[in-house]
Amino acid sequence: MRTISVTASVAALAAALLLTSCDDAGDAKNTQDKADTAAGAGCAAELAVRFGPANAAPAAGDTGNVPVTVTNRGDAPCTVEGLPGMELVAGDTTAAVPAAEAASGGKATFAKGASLAFTLTYVRGEEGAETSLAARTVTVRLPGAEKTHSFKWAYGDIALKSDGSTPDASVTGFQQSTD
């Protein structure tokens, strides 16, 4: 069992409390890479994305979880089919986050005003190590949407799998949200 000093625990708690969630509707640091078109994106253009707040991994080798909440801001129910996509961006390097083994890519229906969520789970890497990805941005693409949502990554380096290029991370399918 891993033990953590009181100082490290307090520092991790303080860092976690300082982290806030980001909403793609109003944070100036977020960018929209592509504009949705009514013909190509259907109702996915009406879905708002919020990234975090996280249950961040406090040290290298620990696991963290970041919920992503998707809310239907449209006037009617919205159904999407497939899994959300995520990429971690570190400078010129972009790494796709694979789907979790148990992730279901079926249909997800968002009632008017309702929210569903999915989760990014990651293993924190050692800062600056060749076996880690120093991500600074995460992009989210919803099924059927042309627009991506970009958010600042503030949870430390991400460990890489043994191939040296795939993040030790995964994305779940949509689940009921408590928001």
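Here is a short tour of this predicted model, one selection at a time.

**Start with the whole chain.** Show the protein chain as a cartoon and you'll be looking at 2 helices and 14 strands. Now switch on the surface: the accessible area comes to about 9500 Å², and carbon and sulfur atoms account for 51% of that. Of the 179 residues, 40% count as buried. If you display contacts between residues at least 6 apart in sequence, 77% of them join residues at least 24 apart.

**Next, pick out a sheet.** Select β6, β5, β10 and β11, which line up in that order as an open sheet with antiparallel pairing. At the edges sit β6 (93-97) and β11 (148-152), each pairing on one side only. Look at how neighbouring strands in this sheet are turned against each other: the average is 25°, direction ignored.

**Zoom in on one pair of strands.** Select residues 85-90 for β5 and 137-141 for β10; these two run antiparallel and are joined by 5 bridges. Want one bridge to click on? Try Met 86, whose partner in β10 is Val 140.

**Last stop: the disulfide.** A search of the whole structure turns up 1 disulfide. Select Cys 43 and Cys 78, and you'll find their sulfurs 2.0 Å apart. The link is right-handed, with 75° about the S-S bond. Cys 43 is in the loop between α2 (38-41) and β2 (47-51), while Cys 78 belongs to strand β4 (residues 78-81), so the pair ties together parts that are 35 residues apart in sequence. Buried or exposed, what is Cys 78? Cys 78 is buried, at 1% relative accessible area, whereas Cys 43 is partly exposed, at 27%.

Notes:
Residues numbered from 1 in each chain as written. Predicted model: local features only at pLDDT ≥ 70, side-chain atom pairs only at ≥ 80, totals over all residues. Heavy atoms only, no water. Helix = DSSP H or I, 4+ residues; strand = E, 2+ residues; numbered from the N terminus. Buried < 20%, exposed > 50% of the residue type's maximum accessible area, 1.4 Å probe, protein only. Contact = heavy atoms within 4.5 Å. Areas by Shrake-Rupley, 256 points an atom, 1.4 Å probe, with all protein chains shown as cover. Pairing = 2+ DSSP bridges. Axes fitted to C-alpha atoms, helices over the stretch in contact; angles between N-to-C directions. Disulfide = S-S within 2.5 Å.
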